[in-house]
Structures are given as structure tokens and as C-alpha cells.
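Could you walk me through this model in the viewer, one selection at a time? I would like to know what to click next and what I will find there.

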Amino acid sequence: MTGEDRAAASTLLLAGCGKMGSALLRGWIAKQAASRFVVVEPQGRPADLADAVGTSWYRSPQELTQALTPAAIVFAVKPQIIDDVLPDYRRWATPRTLFVSIVAGKTIAGITRRLGAASLVRTMPNTPAAIGRGITVACANERVTAEQRHLCEQLLAAVGESAWVEDEALLDAVTAVSGSGPAYVFLLIEALAQAAVASGLPPDLGLQLACSTVAGAGELARLSPESPAQLRENVTSPGGTTRAALDILMANDALVTLIKRAVAAAAARSRDLAS
Ligand SMILES: NC(=O)c1ccc[n+]([C@@H]2O[C@H](COP(=O)([O-])OP(=O)(O)OC[C@H]3O[C@@H](n4cnc5c(N)ncnc54)[C@H](OP(=O)(O)O)[C@@H]3O)[C@@H](O)[C@H]2O)c1
């Protein structure tokens, strides 16, 4: 049996099925990442997952049977409650079960204190996971086997791209760049849409232009072999319209400096909040 076969024949347990948890679950179901999905969610099954096949729903971990042997348990609850949730899952803290946390700011050491020694991956996803276009960065502890890393990659692949870091401290910078990053891009869209209206365009068209331009340019930057700097230069003719705008955005490195300050502030806040 290959790793993929074993994963596909196994059970995944999801603790917390809110915005991020349900995005993960939808991706796993679509990719058939396991044969059975067990979900613990106090609110019960969301209406849009009413027809989800292969799922069992529980309102509390006390309702789970002793016979359950999940290949992986994924925590997608809010940071404020994770400490209360973890002890309920101690009974699965054996080498056969992989634990994955997407809880922002909860460190491997902090989770281990409440869960006991376990194979554990701490991750930082982002909200485009809801449309299968997220990017998740993962950090494994020393108990995670090569096969469990592979299982984790499969689970994350269901909602987008993924990457690993070996140094957990880097997750603060990751949080500041890709975890919080969608908000910076939404702000750019808002600013571009407002500027469109200020330049005389109807609001609907302004928003459409802003969204499609950010999405299209982002996709071009992602797929092109050329660097973002080269792509920018490709559309900037001397004395042209783009140059006129960039002369303002790039004067004294204004935008770059602002973004660096913003990311540094987010990373510092991430370090402050870590527990
Ligand atoms: N959204 C993001 O951009 C993002 C990015 C990276 C990481 N994350 C992380 O993802 C995690 C989930 O965030 P979210 O935005 O998906 O939050 P959310 O929508 O509030 O989802 C959390 C869910 O967990 C449920 N829950 C509460 N107690 C539980 C328990 N004991 N067992 C199982 N489920 C329980 C909540 O139900 P109730 O409503 O009844 O409390 C809620 O449905 C957070 O830790 C966050 O740090 C989020």
C-alpha cells in the first residue's frame, strides 16, 4: 500500500469547523483525502455541508468512541480556546496519529504542554484556502515521520500550496506576510477602487477593475518565469502613464518602506501573542 493509499483509506478528525476548518474539510472531501471524516463542532453541521458524504458530526469530543483511530487530528478552533480543547485529545497522542494545528500563535511547546508528547505539525494557512488558493507554511516537531509529513502535505494540498520551515520562529514572519497578507491586498483593492471613482469611473466598474487587476497581476507574477520587478518594467515605458504613477509610489522607496514597517509590526505582534 502506498502512502496515498493509506491516507485515502484512513480517518481524519477535524476539531473546529468554522471558516478555516470548513475550507479544509471541503478540500479534503473534493480530493478524497481520506475515506472518513470525523468532525467535532459545537454548532453542528453547517448547511452548506449538509450533503457532505463520508462525514460524521459530533458536538463534543466526549461523544467520540474509544475505537476511533484517526491518522490525523486537525485543530481549527480559535486561539482563545485551544488550551481547553487539547486535553480532550490526549488519548490519541501516540506515534500512529499525526496532530496538525492551524491555530495562530499557538507554539509547538504550548500545544505539547496540553496534549503531551505527540507527532505535531504547526501550520499557518491563509484565507484564500476557502477557494483552494491558499498558501500554508508548516513546521514539524521531531516526532513527525516522513510518512506523516507526506500525509500533512496531502491535507494542505487540498486547499492550495504549501511549504515547510524547519525553524518555528520563522512562523512569525510567515504570519506577517502570508497569514495577514490577504488583508493588505484587500486594502490595495479598496484603494485602487476608490482612486478609480476619484478619477471619474462608476463604483461598480472601479471595483471590478481593481479586483481583476490585482488577481490577474498576482496570477501573472505567480506563473511567469520573469521576476515581479521585470514584469513591472515590462509595462513601464519611459515618459508613459505607468511611469507617472510609479514615480509617486516609488519616491523615496515610500511603498516598500511602508510595507516593510507593516510586516515588521505584524511579526512583532505575532511574537507577543505566541503562547
Ligand atoms: N481565518 C484566518 O485568516 C486564519 C488564518 C490562519 C490561521 N487561522 C486559524 O484558524 C483557526 C480557526 O479560525 P476560523 O477563522 O476558522 O475561526 P471560526 O470560524 O470561529 O471557527 C472556529 C470553530 O471552532 C468551533 N469550536 C468552538 N469550540 C470548539 C470545540 N471545543 N471543539 C471543536 N470546535 C469548537 C467554533 O464554534 P463556536 O462558534 O460555537 O465557538 C467555530 O465554529 C484559528 O485558530 C485561527 O488562528 C485563521
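Which residues of helix α6 (residues 170–179) are buried? Select the helix and colour these: L171, D172, V174, T175, A176 and G179 are the buried ones. Keep in mind throughout that you are looking at a predicted model. Now show the surroundings of α6: the cover over its buried residues includes β6, β7, α7 (181–198) and α11.

**The whole chain**

Zoom out next. The chain holds eleven helices and eight strands, and its C-alpha trace spans about 70 × 40 × 35 Å along the principal axes. Of its 275 residues, 30% count as buried. If you draw a contact map, take the contacts with a separation of 6 or more: residues 24 or more positions apart account for 64% of them.

**Two domains**

Colour residues 3–171 as domain 1 and residues 181–273 as domain 2. Their C-alpha centres lie 34 Å apart. Where the two domains touch, four residues come from domain 1 and four residues from domain 2. On the domain 1 side, the touching residues divide into one nonpolar, three polar and no charged.

**The sheet**

Hide the helices for a moment and keep the strands. You should see an open sheet of eight strands in the order β3-β2-β1-β4-β5-β6-β7-β8, with mixed pairing. Select β3 (55–58) and β8 (160–164) to find the edges: each has a single partner strand, so one side of each is left without a neighbour in the sheet. Looking across the sheet, neighbouring strands are turned by 20° against each other on average, direction ignored.

Next, pick out strand β1 (residues 11–15) together with strand β4 (residues 72–75). They pair in the parallel sense over four bridges. For a landmark on this pair, label L13, which stands opposite I73 in β4.

Then move along to β5 and β6, which also pair in the parallel sense, over four bridges. Here the landmark is S101, opposite R122 in β6.

Stay on β6 a little longer. How many of its residues are buried? The count is six of six, so to speak a strand that is mostly covered. Turn the view to compare its faces: S119, V121 and T123 are buried on one side, and L120, R122 and M124 are buried on the other.

**A helix across the strands**

Bring the helices back and select α5 (residues 146–157). This helix lies across β4, β5 (98–101), β6 (119–124), β7 (134–140) and β8. Relative to β5, α5 runs at about 40°.

Click on A157, which belongs to helix α5. Is A157 buried or partly exposed? A157 counts as partly exposed because it has 16 C-beta neighbours inside 10 Å, whereas a buried residue needs 20 or more. Now add W28 to the selection and draw a distance: the C-alpha atoms of A157 and W28 are separated by 8.9 Å, although the two are 129 residues apart along the chain.

**Around the ligand**

Show the ligand and the shell about it. The ligand is surrounded by 25 residues, and the closest are G16, G18, M20, V103 and A104. By class, this shell has 15 nonpolar, seven polar and three charged residues. Which helix gives the most to the shell? Select α2 (residues 19–31): with three residues, this helix gives the most.

**Two backbone stops in loops**

From α2, step on to Q32, in the loop between α2 and β2 (36–40). Check the backbone there: the phi of Q32 is near 50°, a positive value in a residue other than glycine. Q32 counts as exposed because 12 other C-beta atoms lie within 10 Å.

For the last stop, jump to N252, in the loop between α10 (241–249) and α11 (254–273). N252 has a positive phi too, about 55°, although it is not a glycine. With 7 other C-beta atoms within 10 Å, N252 is exposed.

How values were computed. Residues are numbered from 1 along each chain as its sequence is written. This is a predicted model: local features need pLDDT of at least 70, side-chain atom pairs count only at pLDDT 80 or more; totals for chains, interfaces and linings use all residues. Domain bounds come from an automatic or database domain assignment. Two residues are in contact if their C-beta atoms, placed from the backbone, lie within 7 Å. Ala, Val, Leu, Ile, Met, Phe, Trp, Tyr, Cys and Pro count as nonpolar, Asp, Glu, Lys and Arg as charged, and the others, Gly among them, as polar. A residue is near a molecule or strand if its C-beta atom, placed from the backbone, lies within 6 Å of it. Two strands pair if DSSP finds at least two bridges between them. Axes are lines fitted to C-alpha atoms, for helices over the stretch in contact, and angles run from 0 to 180 degrees between N-to-C directions.
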